[in-house]
Amino acid sequence: MTTASVEAPVVVRAQGVSKRFVIRKEKSLKERIVNFGRSNLHKEDFWALRDVTLDIEAGTTIGLVGANGSGKSTLLKVIGGIIQANEGTLERRGRMAALLELGAGFHPDLTGRENVFLNAAILGLSQKQTEQYFDSIVDFSEIRDFIDTQVKFYSSGMYVRLAFAIAVHVDPDILLVDEVLAVGDEPFQRKCMAKIEEFQREGRTIIFVSHSAEQIQSLCDRVVVLSHGKVVYDGPTDEGIDALRASFEGR
Ligand SMILES: Nc1ncnc2c1ncn2[C@@H]1O[C@H](COP(=O)(O)OP(=O)(O)O)[C@@H](O)[C@H]1O
Ligand SMILES: [Mg+2]
C-alpha cells in the first residue's frame with residue numbers, strides 16, 4: 001500500500017473509453033419473408049464499454065469485477081492494447097504482460113516450447129533472455145513432459161500453467177489477469193496467488209479479474225465494478241464486494 005503523501009505515478013489512464021461491437025443477428029421468420037431475397041442477417045451496434053474513466057497508480061492491485069458480459073475482458077483487452085477503443089483515450093506506461101482468455105496468444109499448431117519463445121518475443125524478450133529463463137518457465141508450469149507437444153493437445157489447465165509461467169517471467173510492470181486462474185488445479189492456483197503477492201511486494205501493478213470474492217478481498221487495494229459496460233463502483237475493496245452483489249440485482 002502506498003502512503004497518501006507520496007503520489008504514485010499513473011501507469012494506466014482511461015478517459016471516456018467506449019468500445020462498440022457490431023453483432024449480426026439472424027432475422028426472425030417474419031423479417032425474412034418481408035425482406036425476401038436479401039440477407040438473413042441484420043447488424044446491430046452493441047456497446048461493451050461505455051464511457052469508462054479510470055486512473056491506475058503504479059503498485060496498486062485492482063480487482064475488476066462484474067456479472068458475466070459486463071465488459072471486464074473487453075476492458076482488459078483495451079488496456080492491454082489488444083483491441084482499440086472506438087471512443088476515448090487509453091494511455092499506458094511500462095511493460096505489460098497479459099494473461100487473457102484461454103489460449104489467447106498461443107498458436108495451436110506450435111509446441112509449448114515454440115509458444116514460449118513466440119510469446120516471450122511478443123512481450124519484448126530477446127531470444128537470449130528467453131533461453132535464460134526457459135527452464136525456470138517450464139519448471140514453474142510443471143508441464144515439462146508436454147513442452148514439445150503442440151498446444152492444441154493441451155488441456156485448459158495446461159494452457160494456463162504455461163501462459164502464467166511465461167507472463168510472470170517477462171518482468172512485467174503491469175500484469176493483467178483475466179479469470180483464467182480458475183481453471184488451474186488448487187495447488188497451481190495457490191502458487192499463482194503466491195507469485196502475485198510477490199509481484200505486489202515488488203511494487204508491480206496488477207489488474208485482476210476474478211469471480212472469487214475471497215481472492216479479490218485478499219489481494220486487491222481497490223475494486224472497480226462494471227455493469228453493462230459502465231463503471232458503477234470504484235473504491236475500497238470491502239464496499240466493492242457489496243457493490244458487486246448489488247450490481248447482480250440490477251441486472
Ligand atoms: N468480439 C466481440 N464481438 C461481439 N460482441 C462481443 C465481442 N467481445 C465481447 N462481446 C460482447 O461484449 C460484452 C462484454 O463481454 P466481455 O468483456 O467478454 O464480458 P465479461 O468479461 O465481463 O464477461 C458481452 O455481451 C459480449 O458478448
Ligand atoms: Mg471475461
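Select strand β3 (residues 61-66) and β8 (222-227) together: five bridges join β3 to β8, and the two run parallel. Pairing here requires that DSSP finds at least two bridges between two strands. Helices (H or I, at least four residues) and strands (E, at least two) are DSSP runs, numbered from the N terminus. This is a predicted model, in which local features need pLDDT of at least 70 and side-chain atom pairs count only at pLDDT 80 or more, while totals for chains, interfaces and linings use all residues. Residues are numbered from 1 along each chain as its sequence is written, and chains are lettered from A and ligands numbered from 1 in the order in which they are written.

**Stop 1: β3 and its partners**

Put Leu-64 in the centre of your view. Across from Leu-64, in β8, stands Val-224. Now add β7 (residues 205-209), which is joined to β3 by four bridges, again in parallel; there the bridge partner of Leu-64 is Val-209.

Next, colour β3 by burial. A residue is buried if 20 or more other C-beta atoms lie within 10 Å of its own, exposed if 12 or fewer, and partly exposed in between, with C-beta atoms placed from the backbone. Six of the six residues of β3 are buried. In a regular strand the side chains alternate between the two faces of the sheet. Both faces of β3 are covered: Thr-61, Gly-63 and Val-65 on one side, Ile-62, Leu-64 and Gly-66 on the other.

**Stop 2: Phe-208**

Stay in β7 and pick Phe-208. Phe-208 counts as buried because it has 24 C-beta neighbours inside 10 Å. What does it touch, leaving aside residues up to four places away in sequence? The list holds Thr-61, Ile-62, Gly-63, Leu-64, Val-177, Leu-219 and Cys-220. Contact means that the C-beta atoms of two residues, placed from the backbone, lie within 7 Å. For a distance to try in the viewer, go from Phe-208 to Ala-165, 43 residues apart along the chain: their C-alpha atoms are separated by 16 Å.

**Stop 3: β6 and the crossover**

From β7, step to strand β6 (residues 174-178), which pairs with β7 in the parallel sense over five bridges. Leu-175 has Ile-206 as its bridge partner in β7. Strand β5 (residues 96-99) also runs parallel to β6, with four bridges between them, and Met-96 stands opposite Ile-174.

β6 has five of its five residues buried: Ile-174, Leu-176 and Asp-178 lie on one side, Leu-175 and Val-177 on the other.

Add helix α6 (residues 186-201), and you have a right-handed β-α-β unit made of β6, α6 and β7. To check the hand, point the strands away from you; the path from the first strand over the helix to the second runs clockwise in a right-handed crossover.

**Stop 4: two positive phi values**

Select Asp-171, in the loop between α5 (156-169) and β6. Its phi is near 55°, a positive value in a residue other than glycine. With 14 C-beta neighbours inside 10 Å, Asp-171 counts as partly exposed.

Then jump to His-228, in the loop between β8 and β9 (230-235). The phi of His-228 is near 50°, also positive in a residue other than glycine, and its 17 C-beta neighbours inside 10 Å make it partly exposed.

**Stop 5: ligand 1**

Show ligand 1 with its shell, meaning residues whose C-beta atom, placed from the backbone, lies within 6 Å of it. Which residues surround ligand 1? They are Phe-21, Ile-23, Phe-46, Ala-48, Gly-66, Asn-68, Gly-69, Ser-70, Gly-71, Lys-72, Ser-73 and Thr-74. β1, β2 (41-57) and α2 (72-79) each supply at least two of the shell residues, and α2 gives the most, with three.

By class, the shell has four nonpolar, seven polar and one charged residues. Here Ala, Val, Leu, Ile, Met, Phe, Trp, Tyr, Cys and Pro count as nonpolar, Asp, Glu, Lys and Arg as charged, and the others, Gly among them, as polar.

**Stop 6: Lys-19**

Finish your close-ups in strand β1 (residues 10-26), at Lys-19. Is Lys-19 buried or exposed? Lys-19 is buried, because 22 C-beta neighbours lie inside 10 Å. Its contacts, not counting residues up to four places away in sequence, include Ala-48, Thr-74 and Asn-86.

**Zooming out**

Show the whole chain: eight helices and nine strands. Buried residues make up 37% of its 251 residues.
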